[in-house]
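Subject: Structure for your review

Dear colleague,

Please find below the structure that I am handing over to you. I would be grateful if you could read the notes beneath it with the model open.

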Amino acid sequence: MVMATLEIAGGARLKGEIEVSGAKNSILPIMAASLLSPEPCCLQEIPQLTDVRMMQEVLQFVGAKVSLSGRNLWLDGAEVVPQEVPPSLMRRLRASNLVMGSLLGRFRQVRVAYPGGCAIGSRPMDLHLKGFLALGAEIREDHGFIEARAARLRGADIHLDFPSVGATENIMMAAVLAEGVTTIRNAAKEPEIVDLQNFLNRLGARVKGAGSDVIRVHGVPRLRGGEYQVIPDRIEAGTHLVAAAITRGRVVVKNVIPEHLEALIAKLREAGVRVETLGGRSALLVEAEGRVRGVDCKTLPYPGFPTDMQPQMMALLATAEGTSVITESIFESRFKHVDELRRMGAQIKVEGRVAVVNGVPRLSGALVEATDLRAAAALVLAGLVAENTTVLEGVEHLDRGYECLDLKYEALGAQIRREAARKAAGSMRGT
Ligand code: EPZ
């Protein structure tokens with residue numbers, strides 16, 4: 001397959017307006033949740049993302065009818081059967097594991113190959129399985145597959161050792177059609193969990209408490225169909241805030257929910273970036289004149305600083321005045337972008353989950369490679385401000401979670417072009 005690359009000529013200050021698309025991390029669990037209903041669902045304003053297409057293939061494999069017409073995604077679970085889902089499908093997308101909760105919830109059985117995921121650390125499912133066990137399922141793991149079966153699913157009181165987003169979502173879905181009440185304690189509080197609750201309730205479920213650390217699910221006999229539009233993607237929005245800051249530009253980011261970005265906005269303001277809410281609190285103005293100040297940053301479960309913004313923040317702090325200490329407390333190896341930023345002249349030292357970033361006045365363009373979605377975003381941001389040209393390989397990672405990011409930044413003045421794989425790419429390696 002001819003691998004695309006992005007060629008970025010650094011130096012342009014981003015100026016203008018940019019619109020945020022629907023949240024990938026709401027769409028994926030909600031697509032999985034649609035399997036709980038035998039009736040058609042419609043998700044509106046769906047961005048073109050590779051992850052959405054991969055989830056579509058997983059749902060179609062188990063018999064759902066899924067089609068995109070314009071920006072509307074139609075899902076019909078009438079003919080879904082709990083088919084064993086093979087590694088070829090499960091390994092391409094970590095979020096494919098979210099079909100476990102809905103298939104178990106509706107059919108009382110599910111068998112899937114272990115899921116894949118980006119290169120950001122081993123992604124166990126022990127908390128998911130602990131929830132399924134508590135609801136009355138028996139779990140078997142063999143030949144690289146996980147199987148859950150239950151004669152009946154009964155509401156249970158479940159405490160999560162860690163507020164895992166996926167485990168919270170999977171247990172919510174498995175509990176929706178169970179008998180009785182399920183309580184999930186120490187639940188994840190991300191806005192995407194609230195979105196999933198609202199979608200499930202739109203279909204006739206009885207879920208409450210999402211957004212807090214105690215979620216209660218009252219089982220119902222069946223779900224109906226329904227329409228839904230997800231919240232804006234707070235990580236895409238955050239990436240744009242950083243893009244404006246790192247290029248010392250002035251950008252209005254539209255279709256945002258500022259409350260979902262509080263930790264990031266506070267950190268950017270601490271670094272000297274101007275961030276103002278506009279337009280009835282649905283847009284943010286972000287502006288930076290010169291280099292930002294170094295700040296310390298620790299990723300935490302929501303509402304703390306989001307791990308999905310850590311690579312992008314590191315790119316910004318690599319050009320800051322002063323030293324920053326970044327602590328990644330969610331994933332055990334989410335610093336794969338550090339080596340690539342170093343190729344561009346960044347001065348970063350990593351000790352376990354801590355990265356010490358000594359800001360430099362300028363980065364220089366280089367041939368760099370993305371290893372996961374947010375690392376790809378960070379390298380685009382670094383390329384926007386680096387001297388000369390940056391060539392980013394592994395653009396397919398970027399397209400998993402950002403819709404036409406190159407075109408969106410080109411519209412703000414960036415010189416960024418998508419290229420077919422370069423034969424002479426190796427020649428840049430020496431720079
Ligand atoms: C979701 O992943 C997001 N993905 C991730 O976004 C995000 O980084 C992550 O939540 C944290 O916010 C989607 O929503 C599709 P977790 P998820 O379960 O559910 C450990 C992106 O870039 N853990 O909250 O997989 C796990 O190893 C992606 O959009 C267990 O130990 O995250 C990790 O260290 C990347 N046992 C931590 O919890 C379990 O059973 C957080 O994982 C489950 C998780």
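The notes that follow cover the pocket, the cavity and two helix packings.

Please bear in mind that this is a predicted model.

Largest pocket

The largest pocket has a volume of about 1200 Å³. It is lined by 47 residues, and those closest to its centre are Arg-94, Arg-123, Val-165, Gly-166 and Phe-331. Five helices each give two or more residues to this lining: H1 (24–33), H5 (126–134), H6 (165–175), H8 and H12. Of these, H1 gives the most, with four residues. By class, the pocket lining consists of 22 nonpolar, 16 charged and nine polar residues.

Largest cavity

A search of the whole structure finds one cavity of 30 Å³ or more. The space in the largest cavity amounts to about 30 Å³. Its lining is formed by Pro-232, Asp-233, Arg-234, Ala-237, Val-256, Ile-257, His-260 and Leu-261. Five of these lining residues are nonpolar, two are charged and one is polar.

Packing of H8 and H12

Helices H8 and H12, both named above as contributors to the pocket lining, also pack against each other. H8 spans residues 234–246 and H12 spans residues 373–385; their axes come within 9 Å and cross at roughly 20°. Angles under 35 degrees count as roughly parallel, and H8 and H12 are therefore roughly parallel to each other. Their crossing is right-handed. On the H8 side, the contact involves Ile-235, Thr-239, Val-242, Ala-243 and Ile-246, which meet Arg-374, Ala-377, Leu-381, Ala-382, Leu-384 and Val-385 of H12. The residues of this contact divide into nine nonpolar, one polar and one charged.

Packing of H1 and H2

H1, the helix that gives the most to the pocket lining, packs with H2 (residues 50–61) at an angle of about 5°, the two axes being 10 Å apart. H1 and H2 are therefore also roughly parallel to each other. From H1, the contact takes in Lys-24, Ile-27, Leu-28, Met-31 and Ala-32, while H2 supplies Asp-51, Val-52, Met-55, Gln-56 and Leu-59. Seven of the residues in the contact of H1 with H2 are nonpolar, two are charged and one is polar.

Yours sincerely

Key. Residues numbered from 1 in each chain as written. Predicted model: local features only at pLDDT ≥ 70, side-chain atom pairs only at ≥ 80, totals over all residues. Heavy atoms only, no water. Axes fitted to C-alpha atoms, helices over the stretch in contact; angles between N-to-C directions. Parallel < 35°, antiparallel > 145°, perpendicular 65-115°, else oblique. Left-handed = near helix turned anticlockwise from the far one by under 90°. Contact = heavy atoms within 4.5 Å. Nonpolar A, V, L, I, M, F, W, Y, C, P; charged D, E, K, R; others polar. 1 Å grid on protein atoms, 1.4 Å probe; cavity = no way out; pocket = protein on both sides within 12 Å on 5 of 7 lines; lining within 4 Å. Points joined across faces, edges and corners; volume = space filled by probe spheres on them.
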